[in-house]
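Please look over the structure below. The exchange after it asks why certain descriptive terms apply.

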Amino acid sequence: MLQGSILQQLEASHRHSSRPIHFGVYYKNTLVALCHALEDHILTRNNAPLVITAFQEGKWYLEEAVRYADIAQHSQQIVIMAAADAGFAEHPTSQLSNVNLVALATDDPVAQEWHLMILSPDYTAMVICQELSPDDYGIEGLPTSDLERKFYGLWTFEPELVQETAELAIAHIKDYHPELALKLTQYKEAIHTHISSSADVATVVARVVDYLKTGQDNLSIPVASHRKSLDRNLVSNEIQAFLRMAQLIDLADINHHGVATEVASVVETMGQLLDIPAWQIKRLRLAALLHRIGSLQNVESLITPSHLTTADLEKAPSCPLACPLVPGAQALRIMPRLRAIAQIITHQTEWWNGTGEPAGLLGDDIPLESRILSLAAEFIRQVNQYKYLGKSEGEIFSQALDQCRQQQSTRFDPKLLDTLTLLVMGLQQGLDLSVITPKVSGGLWLLDSRWDSHSKSSEQISVYSTPGRIYG
């Protein structure tokens, strides 16, 4: 990272924090789709956001200037940073009263960055990346296609992270325009952002996935291997969009922020004890990370004819049309690769005795992964209730298990209760059940060709894990 760049400052401030930032590599075509989706969401709202952008060079801004004239009509203030080119200041969009330009010096490290920061009262989003240097490309050298240019960074909906980065950007703008920086600070402080409602985030995610899918359809790279890399980068970000939505749902839980990752750790360990295949454990972990999406009820906008047709549903394995729709889980089916995950999440509320929802499945008719997920989620819920009563870890695990046992053979599979009992015995004897924090910027880390019938490759991206405890 370039010293003094906004990305470098952001990384440095989180380097030793309890929540380190995980960065990824993005192709330009992916970033274009992401930014267009987030920008166009502004056009559907009337919340007058503050928008701060960096385009590297003025010529890239000029390609988007007409779009930004429309965005300006729905925004309180727009700031555009770029190394100025001819026409940079003369374009009609640049003359609008709520558009301000910051002509970056050519040696300014921010002139190598691509930013989009959106702050509004009920919605925050950010893309912040830095272009790779020629040395970073290695032996392959610089790309011949503009769409294959690579950038290092991240994108997120997290309000605190977006606000922190906006403050860094405003501090940088102050070196050029102190009065503008003061005005931007006042705008930012007047916007009381909070974690957006799940339905709001779901709408943004739908648009992001839709634009990324369109990006896949429109790829026109002549070399097949290059096209494959760009295609997988787009797919990875589609999965990231859902993981980020699930992450926000977790963050919005004021009582406990880490439920999804804790459930993921429990289902993974149970899967290992049950000796189920590694590919199935990966699928189960992803379902656990996304399982709270199933509780969303007002996300019908995610399932539109352009996303999901009757023919699409008929192709989905183990997903008959007769199966009642669970809106949050069905939202995942706009991605073919996540339809199996949607199936697991949909049936996590079935009961062993057949009295559950949504399909009233009985016993072994309930998918095994759904049964494991249901039990693990309830166990973690009980653990989190007991941990605030001042009890020891052993007592907490024992009492949480007892609560689950009371629903044996009614709600839960008795065989799985035996497995959970083994797990709890291990915890009481000192087993360190690590809580894995997924590196969301590597969204393909769980795809496997054996369960993903739509994938043509089992290539995977590694997951960064942070060891922790399920308790405390």
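What follows is a set of questions and answers on a predicted model.

Q: What is the secondary structure of the chain, and how many of its residues are buried, as a percentage?
A: The chain has 15 helices and seven strands. Of its 472 residues, 56% are buried. Among contacts between residues at least 6 apart in sequence, 73% join residues at least 24 apart.

Q: Why is H13 called oblique to H15?
A: The axes of H13 (residues 368-386) and H15 (residues 414-428) cross at roughly 45° and come within 11 Å. Angles under 35 degrees count as roughly parallel, and 65 to 115 as roughly perpendicular. The crossing angle falls in neither range, so H13 is oblique to H15. The crossing is right-handed.

Q: Which residues make the contact of H13 with H15, and what classes do they belong to?
A: From H13 come Leu368, Arg371, Ile372, Leu375 and Phe379, which meet Leu416, Leu417, Leu420 and Val424 of H15. By class, eight are nonpolar, none is polar and one is charged.

Q: What makes H13 oblique to H14?
A: H13 and H14 pack at about 135°, with their axes 8 Å apart. Roughly perpendicular covers 65 to 115 degrees, and roughly antiparallel needs over 145. The angle meets neither condition, so H13 is oblique to H14. H13 passes H14 in a right-handed crossing. On the H13 side the contact includes Leu375, Glu378 and Phe379, and on the H14 side Ile396, Phe397 and Gln399 are among the residues. The contact of H13 with H14 has nine nonpolar, three polar and one charged residues.

Q: Why are H8 and H9 described as roughly antiparallel?
A: The axes of H8 (residues 259-273) and H9 (residues 278-290) cross at roughly 160° and come within 8 Å. An angle over 145 degrees counts as roughly antiparallel, so the term applies to H8 and H9. Their crossing is right-handed. Residues of H8 in the contact include Ala260, Val263 and Val267, and those of H9 include Ile281, Leu284 and Ala288. The contact of H8 with H9 divides into eight nonpolar, three polar and two charged residues.

Q: How do you know that the end-to-end distance of H2 agrees with the expected span?
A: H2 (residues 28-42) has 15 residues, and at 1.5 Å a residue these should span 21 Å. The end C-alpha atoms of H2 are 21 Å apart, so the two values agree. H2 is mostly covered, with 13 of its 15 residues buried.

Q: Why does Asp413 count as buried?
A: Buried means under 20% relative accessible area. Asp413 has 3% relative accessibility, so it counts as buried. Asp413 lies in the loop between H14 (393-405) and H15. Leaving out residues up to four places away in sequence, Asp413 touches Trp352 and Arg371. Asp413 and Asp364 are 49 residues apart in sequence, with their C-alpha atoms 8.4 Å apart in space.

Q: What makes Leu132 buried, and where does it lie?
A: The relative accessible area of Leu132 is 16%, which is under the 20% cut-off, so Leu132 is buried. Leu132 is in the loop between strand E6 (123-131) and strand E7 (150-156). Aside from neighbours within four places in sequence, Leu132 is in contact with Tyr137, Lys150, Phe151 and Tyr152. Leu132 and Lys150 are 18 residues apart in sequence and 5.9 Å apart in space, C-alpha to C-alpha.

Key. Residues are numbered from 1 along each chain as its sequence is written. This is a predicted model: local features need pLDDT of at least 70, side-chain atom pairs count only at pLDDT 80 or more; totals for chains, interfaces and linings use all residues. Side-chain values use heavy atoms; hydrogens and water are left out. Axes are lines fitted to C-alpha atoms, for helices over the stretch in contact, and angles run from 0 to 180 degrees between N-to-C directions. Helices (H or I, at least four residues) and strands (E, at least two) are DSSP runs, numbered from the N terminus. A crossing is left-handed if the near helix is turned anticlockwise from the far one by less than a right angle, and right-handed if clockwise. Contact means heavy atoms within 4.5 Å. Ala, Val, Leu, Ile, Met, Phe, Trp, Tyr, Cys and Pro count as nonpolar, Asp, Glu, Lys and Arg as charged, and the others, Gly among them, as polar. The expected span of a helix is 1.5 Å times one less than its number of residues. Buried means under 20% relative accessible area, exposed over 50%, partly exposed in between (1.4 Å probe, protein chains only).
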